[in-house]
Amino acid sequence: MDKDESATRLSDRAETERAVKILMAILFATKNHLRAEWGAFPGVGFDTAAGNQFLHAEYSDLLPSGVMGYDHRGLGIPLQLTFFIEQYIKNGYQRGWYHAPQASQMTVQLNTLVDAYGRMETIRLTPVPIAHLIHEKQVLALFGMFLPFAMVTEMGWWAIPLTTFVVFTLYGIDGIAGQLEDPFGSNRNDINMAAIVEDIRSEILVLVDEWKRVGEQKDESQWFMEPYGGGSPLAGVPTFRVMSFDD
């Protein structure tokens, strides 16, 4: 393997590592978008309290260099980052890294990711209808008002604590429903998205480091066992070649 080929493979691996980081950034961006934590890109996000721009440092190292966000124009960051992955899939197919069915399957998986993001955003942006909430509150109030009169004949003074218990239970269920309406918040009873995303990030970074280590070992073995120019340094001695993951 000559030096030009080695440089090309290092460039290809760097591009693959960049795509993996963008995939991880999509997870962080999805979490922040569902929590309405805007301003992941510099020069776009604003702290409404102080009026200052800010940057989410938790995944700034995963974002492509020089990219600008368009939250202020209604474009979600997760959707914007998927275009980089789509371009990576296209480039890989054009360079012969994989066949058309494999590229198609990766595109399907990317579309599945976008569809999941859209479904979660729909859950967050679809509240319970106001008419339903008003009617529910009115029915609960009327039920709590007339329930003691229906129970007092048989229960006597026990109707008061029983009514209190029933009304407390019903309003408690109503409160739980209100909490479950948006499961992507930062309350204790919401989905712990921060821990899930950070765990995925840690696992993927370990896999990427191992992939890079194995790739460097393959390159070193290939460099020493295959002479420059592809020929054998000794007559009659077959040329040895260590296959790498890119072959």
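A polar contact is a pair of N or O atoms within 3.5 Å, where, within protein, one atom must be able to donate a hydrogen and the other to accept it. The exercises below apply to a predicted model.

**Exercise 1.** Place T164 in the fold, and find which backbone oxygen the side chain of T164 reaches.

*Solution.* Begin with the secondary structure, where T164 is found in helix 5, the element that spans residues 159-180. Next, look at the side chain of T164, which comes to 2.9 Å from the backbone oxygen of I160. Finally, turn to a partner from elsewhere in the chain: P148 is 16 residues apart from T164 in sequence, and the C-alpha atoms of the two are separated by 9.2 Å.

**Exercise 2.** Describe the largest nonpolar core, and state which helix gives the most to this core.

*Solution.* Start from the membership: the core has 19 residues, and those that touch the most other members are A25, Y59, L62, L81, I85 and I89. Then assign the core to elements, noting that helix 1 (3-34), helix 2 and helix 3 each supply at least two of its residues, and that helix 1 gives the most, with seven. As a last step, take A25 as an example: when residues up to four places away in sequence are not counted, A25 touches Y59, L62, L63 and L81.

**Exercise 3.** Count the cavities of 30 Å³ or more, and characterise the lining of the second largest cavity by residue and by class.

*Solution.* The structure holds two cavities of 30 Å³ or more, and the second largest has a volume of about 40 Å³. Its lining is made up of I26, P78, L79, T82, L113, V114 and Y117. The elements that give two or more residues to this lining are helix 2 (77-94) and helix 3 (100-125). Sorted by class, the lining residues of this cavity comprise six nonpolar and one polar, with no charged residue.

**Exercise 4.** For the second largest pocket, determine the volume, the residues closest to the centre and the helices that supply at least two lining residues.

*Solution.* The volume of the second largest pocket is about 190 Å³. Of the 13 residues that line this pocket, L27, T30, M120, M193 and V197 are the closest to its centre. Going on to the elements, at least two lining residues come from each of helix 1, helix 3 and helix 6 (193-225). The classes complete the description, since the lining of the second largest pocket has eleven nonpolar residues, one polar residue and one charged residue.

Notes: Residues numbered from 1 in each chain as written. Predicted model: local features only at pLDDT ≥ 70, side-chain atom pairs only at ≥ 80, totals over all residues. Heavy atoms only, no water. 1 Å grid on protein atoms, 1.4 Å probe; cavity = no way out; pocket = protein on both sides within 12 Å on 5 of 7 lines; lining within 4 Å. Points joined across faces, edges and corners; volume = space filled by probe spheres on them. Helix = DSSP H or I, 4+ residues; strand = E, 2+ residues; numbered from the N terminus. Nonpolar A, V, L, I, M, F, W, Y, C, P; charged D, E, K, R; others polar. Core = buried A, V, L, I, M, F, W, Y, C linked by side-chain atoms within 4.5 Å. Buried < 20%, exposed > 50% of the residue type's maximum accessible area, 1.4 Å probe, protein only. Contact = heavy atoms within 4.5 Å.
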